[in-house]
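Thanks for asking me to look this one over. Here are my notes, written as numbered points so you can follow along with the viewer open.

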Amino acid sequence: MLKRREFLQAGAALFCAAALPARATGATQAGAGHVVVIGGGVGGATAAKYLKLANPALRVTLIEANRTYIRPYGSSEVLTGHVGMDDLNVSYDALRSRYGIEFLFDRVVGFDPARRRVRTAGKRDIAYDKLIVSPGISLQYQAIPGYSEAAAASRAPSGWIPGPQTALLARQLQAMRPGGRFVIVAPPSPYRCPPGPYERAALVTEWLARHNPTAKVIIVDPKDSFVTDAGMQLGWHRLYGYNIPADYLKDMPADVVNSGRPAPIEWLRAKDGGTPRGIDSAALRVATDAGWIKADVLNVIPPMRAGKLAFDMGLTDAGGWCPVERRTFESTAHEHVFVIGDASIADAMPKSGFSANTQAKVTAQAVVNQLAGREPGEPIWENTCYALAGSDYGLFVADVFRLKDGKIAQISGQRYLPLDASKTRIRLAARYQQAWLKTFTEDCFA
Amino acid sequence: MRRVRLLVLGMLSLSLAAPGYASRPATDSAATPRSPVAAELRATLAAQPRGDLQRGKALHQSLMCAACHGETGVAPTGNWSSLAGQRAAYTYKSLLDYQRGDRHEDDRANLMAVVVRDMTRQDMADVADYYASLPPPPAAAPKLTGETRRHIEQLVRRGDPARLLTPCASCHGASGQGGNNETPALAGQSVGSLAQTLHDYRSGRRVTDANQGMRQFAQRLTPDEIEALAKYYASLSGKRR
Amino acid sequence: MGPLMKSPFTRSPLFKPLLLAAAIAVLTAWLTPAQAAQPTGAAMAHTCAGCHGTQGKLGRVEFVPLAGMAETEFKRAMLDFRAGKRASTLMGHVANGFSDSEIDAMARYFASVK
Ligand SMILES: Cc1cc2nc3c(=O)[nH]c(=O)nc-3n(C[C@H](O)[C@H](O)[C@H](O)COP(=O)(O)OP(=O)(O)OC[C@H]3O[C@@H](n4cnc5c(N)ncnc54)[C@H](O)[C@@H]3O)c2cc1C
């Protein structure tokens, strides 16, 4: 791929220096115009759909690199065989046929913000009035010494952007020797899907209990806490006999007593020496402050940043994420360009599919309003991450967010399933989690 | 023979149901719902334990029945069914159907499957008697008028010999208050769930009726009649006239 | 008002009544300073769609549809969730994020969806 400056030039070189029209596409009808969306993941697909719902007269083009989306949410279920790789595939047919969204399956490689044009690898150049970018994340494989994309593709998969690595990890788990160790290296914050690594650990532990009962899961973590940590550990304790660390124990229900016996799941936090310092992918070992951790299957979830496209387009800040004006998610780097989803900086909102979905709706409405010369409305966002401690043990974090002093803040109070939740409530939450995978996919892609 | 064995197995697994968190979801096995045999059903209902109303009331809260079916057993919105004033035998039978996986019209039944998983027969009898002790749901405002109303009342009270339709009232009672054994009360039930379940009998998705009684009746009804019957029963008060 | 003045929208016959409505809205907001600006009913309803379906429309799945629900039914459900009078797995948390008048606005929105 091109360096950033070349990337920008590649865009600029294409277009003759004609006088700038007020509207890049020359659309004159009030409220009409051409909105281009790059990235047909959760954020981009939802944005395209809700743009059309808000104003069917709008021309909407979605540019996406792949013809079929592979959904990341729910993808850890592939490891345990609960679903197959094919079940992760999501088609774009409904978006095209129901809403009249134009699709271009191509990779964006050029960008000219002054003339409001983007260019694709297939040499198409496309003018926009407004541009919504939802490029997702890029995995910083090299950020951990000894780890690399090549290692992830062969020895120690990450599987955090679902695809061949997910399938590889599933095969490795299934082929693991009896009594083997499945080691998960958790990422530093911020990262995609805060409860995700721990849910994955839980589902693998549950699967091992049935298929490889002497095996063990170890989470190596550069953090001391995570979203849903108390509820998740309570679930591990009840289901797998996990020993809850003393600092969490004091808030647990009275009947929770650690057995002290070795448990099939272990969480090695930063304060216990868990910070990963290096990966030996040949020997399948992780260097930590607590010494080498030897694995039989090694799942490394490396640090993350905004998707590469965001860097190429000059939308990122020094931290590697995209700063935006919070009311509309318009990029602070380029006018008429909006960045949503995992790549954006959204304060209290986690990097999740649910967040990307509600950001897309707020931004779609703001874009429609801008094109019609209206002020943006008052925004509101929501996130719910359902997570499983076992296939029959559901948890969640549920938040409503609003704009407060120019930042996005959680305003709905209690966030988690309470620790004293009844068994019925826990099981229903697990049931609803499964239902959500379907209803959510429909809201984004159908 | 096979059926009997299944039943015995069902009972066994019931008594073994562990109260721990690790028990497996019953819905995992994609067991095809099985229609009840009349004789078996009679035996099951004859063995229904006597319920404890106080325990039933407590279970109504602790098992979250109240969250979906309403604080007083009256559906909070048209999305759920009312249980108040229902015949105990019908509630008891329905809970067993859900537990065995014999009632599974669509994904909404998954919720009931989750809720009943650990319930003992005593628990089921307790909630069943508790609901039977509650006043039936209030009657909705009558929605039917003119010819439709006359047609539906005719269907309910006289049936339709040309279509071999037995009058609904002959089983479900003159005011929809319920009949013998497991024949349920229909009066005041939410329109949505009455109509939905009649469509489910009609399409064969609901197979909980012994001898296929309700299925045969529902197949002879038109979709319009189903909607109208649902509105009719929703507007009855369930009190004997 | 800058961009608004230039738009063809200002010339539309709807503009005057809307301006009046906006003025009243601004005034009301002014008179009740405690109340922050409120998102539209549709904007709030869109945040529910991941579970309750786009525009509250849903087939026969575990979650329930909200489209077409009577306003009184919707409001009672939301207020009961918020007050903890109706138990829930999660709706209590969600309802906690909305004021009475916002619940009213969502009720109107969902009741209007055909
Ligand atoms: C294991 C796991 C479990 C998860 N579970 C949950 C969950 O339970 N709940 C939840 O809310 N979230 C969950 N998530 C997170 C969720 O999947 C992401 O937050 C969400 O997908 C982010 O959406 P996005 O639009 O930002 O990015 P993505 O969905 O990744 O979409 C980005 C798209 O952009 C395209 N693209 C990138 N560059 C280009 C280019 N140059 N040209 C054209 N197209 C391009 C990509 O092909 C991709 O389709 C989970 C994630 C994982 C990994």
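The points below take the chain contacts, then two sheets of chain A, then some backbone details.

1. A word before we start: this is a predicted model. The values below are computed from that model, so please read them in that light.

2. Let's begin where chain A meets chain C. The contact draws 40 residues from chain A and 30 residues from chain C. Between them, about 2,900 Å² is buried, and carbon and sulfur atoms give 62% of that area. If you want to colour a few residues on the chain A side, try A:Glu378, A:Ile380 and A:Thr439: these lose the most area to chain C, together 18% of what that side buries.

3. How many salt bridges are counted between chain A and chain C? The count is 2. A:Arg402 forms a salt bridge with C:Glu102, and the closest N and O atoms are 2.6 Å apart. Polar contacts across this interface come to 13 residue pairs, with both residues at pLDDT 80 or more.

4. Which elements of chain A give two or more residues to the side that touches chain C? They are helix H2 (42–54), helix H10 (353–371), strand S22 (381–390), strand S23 (393–404) and helix H11 (423–445). H11(A) gives the most, with 11 residues. By class, the residues on this side of chain A divide into 21 nonpolar, 7 polar and 12 charged.

5. Now turn to the contact of chain C with chain B. Here 13 residues of chain C are in contact with 14 residues of chain B. The buried area is about 1,200 Å², and carbon and sulfur atoms give 51% of it. Three residues are worth picking out: C:Arg60, C:Glu62 and C:Arg86 supply 52% of the area that chain C buries against chain B, more than any other three residues.

6. The polar side of this contact is easy to list. Between chain C and chain B the count is 1 salt bridge. In it, the side chains of B:Asp106 and C:Arg60 meet at 2.9 Å, N to O. There are also 7 residue pairs in polar contact, both residues being at pLDDT 80 or more. The side of chain C that touches chain B has 5 nonpolar, 2 polar and 6 charged residues.

7. Back in chain A, have a look at the open sheet of 3 strands in the order S22-S23-S24, where the pairing is antiparallel. S22 and strand S24 (407–410) are the edge strands, each pairing on one side only. From one strand to the next, the twist averages 30°. S23(A) and S24(A) pair over 4 bridges, and A:Arg402 stands opposite A:Ala409 in S24(A). You have met A:Arg402 already, as the salt-bridge partner of C:Glu102.

8. Another open sheet of chain A has 3 strands in the order S14-S15-S16, again with antiparallel pairing. Why is one side of S14 and of S16 left without a neighbour in the sheet? Strand S14 (276–280) and strand S16 (291–294) stand at the edges, and each has a single partner strand, so one side of each has no neighbour there. The twist in this sheet averages 25° from one strand to the next.

9. The pairings within that sheet can be traced residue by residue. S14(A) and S15(A) run antiparallel and are joined by 4 bridges, with A:Pro276 having A:Thr288 as its bridge partner in S15(A). Strand S15 (residues 285–288) also pairs with S16(A), over 4 bridges in the antiparallel sense. In that pairing, A:Arg285 stands opposite A:Lys294. S14(A) and S15(A) form a hairpin with 4 residues between them, and A:Leu284 in the turn has a positive phi of about 55°.

10. Finally, some backbone details to check by eye. Most residues other than glycine have a negative phi, and most peptide bonds are trans. A:Arg116 is not a glycine, yet has a positive phi of about 50°; you will find A:Arg116 in the loop between strand S6 (108–112) and strand S7 (117–120) of chain A. A cis peptide bond joins A:Ser189 and A:Pro190, with omega about -5°. A:Pro190 lies in the loop between strand S11 (181–185) and helix H6 (196–211) of chain A.

How values were computed
Residues numbered from 1 in each chain as written. Chains lettered and ligands numbered in written order. Predicted model: local features only at pLDDT ≥ 70, side-chain atom pairs only at ≥ 80, totals over all residues. Heavy atoms only, no water. Contact = heavy atoms within 4.5 Å. Buried area = accessible area lost by both parts, 1.4 Å probe. Salt bridge = Lys/Arg side-chain N within 4 Å of Asp/Glu carboxyl O. Polar contact = N/O pair within 3.5 Å; in protein donor to acceptor, adjacent residues only side chain to side chain. Nonpolar A, V, L, I, M, F, W, Y, C, P; charged D, E, K, R; others polar. Pairing = 2+ DSSP bridges. Axes fitted to C-alpha atoms, helices over the stretch in contact; angles between N-to-C directions.
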